[in-house]
Amino acid sequence: MTSSQHTADQSVSRAGLAQGRLGTIDIVFFVVAAAAPLAVVAGAAPLAFRMGGIGAPGAYVFCGVVYILCAAGLTAFARHVREAGAFYAFIGRGLGRPAGVGSALMALLSYGLVCFGFFGFFGSYARTTVLDLVGVDLHWSVYALAGALFVAVLGYRQVDIGARVLGVLMTLEVLILLVLSVAVLAKSGSANLTLEPFEPAHVFDSGAGGMFVLALGAFIGFESTTIYSEEARNPEKSVPRATYAAVAFLALFYGFTTWIAVKAFGTDALLSLIQADDFQDVYFGLADSYLGGWAKTTMELLIVTSILAATLAFHNATARYMFTLGRDRILPASLGNAHPRFGSPSRASLVTTLGALLLIGVTVALHGEPYLHLLLWTNTVGIIGIVVLQALCMAAVIRFFTPDRRGSTAFRVWVAPVLGTAGLLVGLYLMVTNVELLTGRTDWVNWALLAPLPLLGIGGYLWARSGRGANTSGTS
């Protein structure tokens, strides 16, 4: 791409998304915040240890390597396709427009469900935290609705404001875990120094299936760096840098902070501890023991803001998919109009908020649980859908670059995507065959929850193949 072409791309947008507002660090904030690192480490990692044993730190690092391989092909592709609906544009460009439309509908459902489910996550943790700290017991939906209002305001406004908020929240939650890690290393000395958690025999043992469900899910949203291509400064450099930086940081951060639990307790003691009823308090107990009560309280507060930051990031991703589909006349065209002042996908953002409010209301009306039903059921479908789309995207990368590497290395556009796809397919198999670990159900409900994904994908494919809808530059 020439300099003049690049300048033109930055100054012109078909539907008015604000140009040049996000730098590399801003995009990294969105991706890392979507991963909710404190919620992953303090909330999910103990369960990963419980299901997969001592190899959890190695599983997080392995999944990070898989996504680094995927990022190689994804960022090479992003140089040629710049759209706010990443899966839609990439799969459409590589595998044809019908596949792109089908994937777009799957992506919209998947991101939307993850976003909506996180309000149950937020409401549940916020209720418990406020009750523990001040003794006030309000229904979880009060906090969920307050969170929805907060996210709605930031999602409606210009994207760089959301990035600043996410940056502050993400920095605080990462900082408390790093402070705890340093305290453990300083006070425990050379005791329990071991690399056992990274040995293949422990990472890939017979009970690793459920653990990998959580480990792969911890990186969901890494591809959202490309969603912000239209709003990025110098996207040819900032998007690849942000993608590599976000995935590498998460892999190292998850691997290190989960290994710290092994260092603090020792292998045998940790394996015993995670079988207890209160196993989810592992990191809160560490904070209390090594830093004091203030750290435990701080962590309880920050895990709430961690979840809220992740919800905002997924809200932004959902709104941008909806915006792109509206702009390309697959959804109502009004959804593809950007705000004249903020340059944000404001109408799509409002519809996303309405979807969240609807699901919160349905959960309350049916007396559902915020964690078990609103979070786990929706996120099971959403995470599986996103992994399917990631695998399809890698197939699109390979096909796009097969006749011409367009200046990229063979490793970046052929070898890395093939290896990444293999890792994703293994992860997808583990997710589907262990779906009951996420939903808590062993009956027809699991298939009923998953059915909308293939139905939407196939329906969108057939609808586009029939010649309906507008064509786009991103999917031609």
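Which residues touch the most other members of the largest nonpolar core?

## Nonpolar core

In this predicted model, the largest nonpolar core holds 153 residues, and those touching the most other members are Y67, F87, Y254, Y283 and M299. Helix α6 gives the largest share of this core, with 18 residues.

M299 has contacts well beyond its own stretch of sequence. With neighbours within four places left aside, M299 is in contact with Y283, F284 and A287, with I176, L177 and L180, and with L38 and A42. Y283 is thus both a contact of M299 and one of the residues that touch the most other core members.

## Largest pocket

The largest pocket contains about 920 Å³ of space. It is lined by 38 residues, of which G43, A44, F121, Y371 and L375 are the closest to its centre. Two or more lining residues come from each of α2 (24-35), α3 (37-52), α6 (97-134), α10 (208-217), α14 (293-327), α16 (370-401) and α18 (435-439).

Helix α6 supplies 8 residues, the largest share of the lining. Sorted by class, the lining of the largest pocket consists of 26 nonpolar, 8 polar and 4 charged residues. Helix α6 therefore appears twice in this account: it gives the largest share of the pocket lining and the largest share of the core.

## Helix α4

Helix α4 covers residues 56-78, 23 residues in total. From its first C-alpha to its last it reaches 32 Å, close to the 33 Å expected at 1.5 Å a residue. Because 19 of its 23 residues are buried, α4 is largely enclosed by the rest of the structure.

Conventions
Residues are numbered from 1 along each chain as its sequence is written. This is a predicted model: local features need pLDDT of at least 70, side-chain atom pairs count only at pLDDT 80 or more; totals for chains, interfaces and linings use all residues. Side-chain values use heavy atoms; hydrogens and water are left out. On a 1 Å grid over the protein atoms alone, a cavity is a set of points where a 1.4 Å probe fits but cannot get out, and a pocket is an open set with protein on both sides within 12 Å along at least five of seven lines; lining residues have an atom within 4 Å of a point. Grid points are joined across faces, edges and corners, and a volume is the space filled by probe spheres set on the points. Helices (H or I, at least four residues) and strands (E, at least two) are DSSP runs, numbered from the N terminus. Ala, Val, Leu, Ile, Met, Phe, Trp, Tyr, Cys and Pro count as nonpolar, Asp, Glu, Lys and Arg as charged, and the others, Gly among them, as polar. A nonpolar core is a set of buried Ala, Val, Leu, Ile, Met, Phe, Trp, Tyr and Cys residues joined through side-chain atoms within 4.5 Å. Buried means under 20% relative accessible area, exposed over 50%, partly exposed in between (1.4 Å probe, protein chains only). Contact means heavy atoms within 4.5 Å. The expected span of a helix is 1.5 Å times one less than its number of residues.
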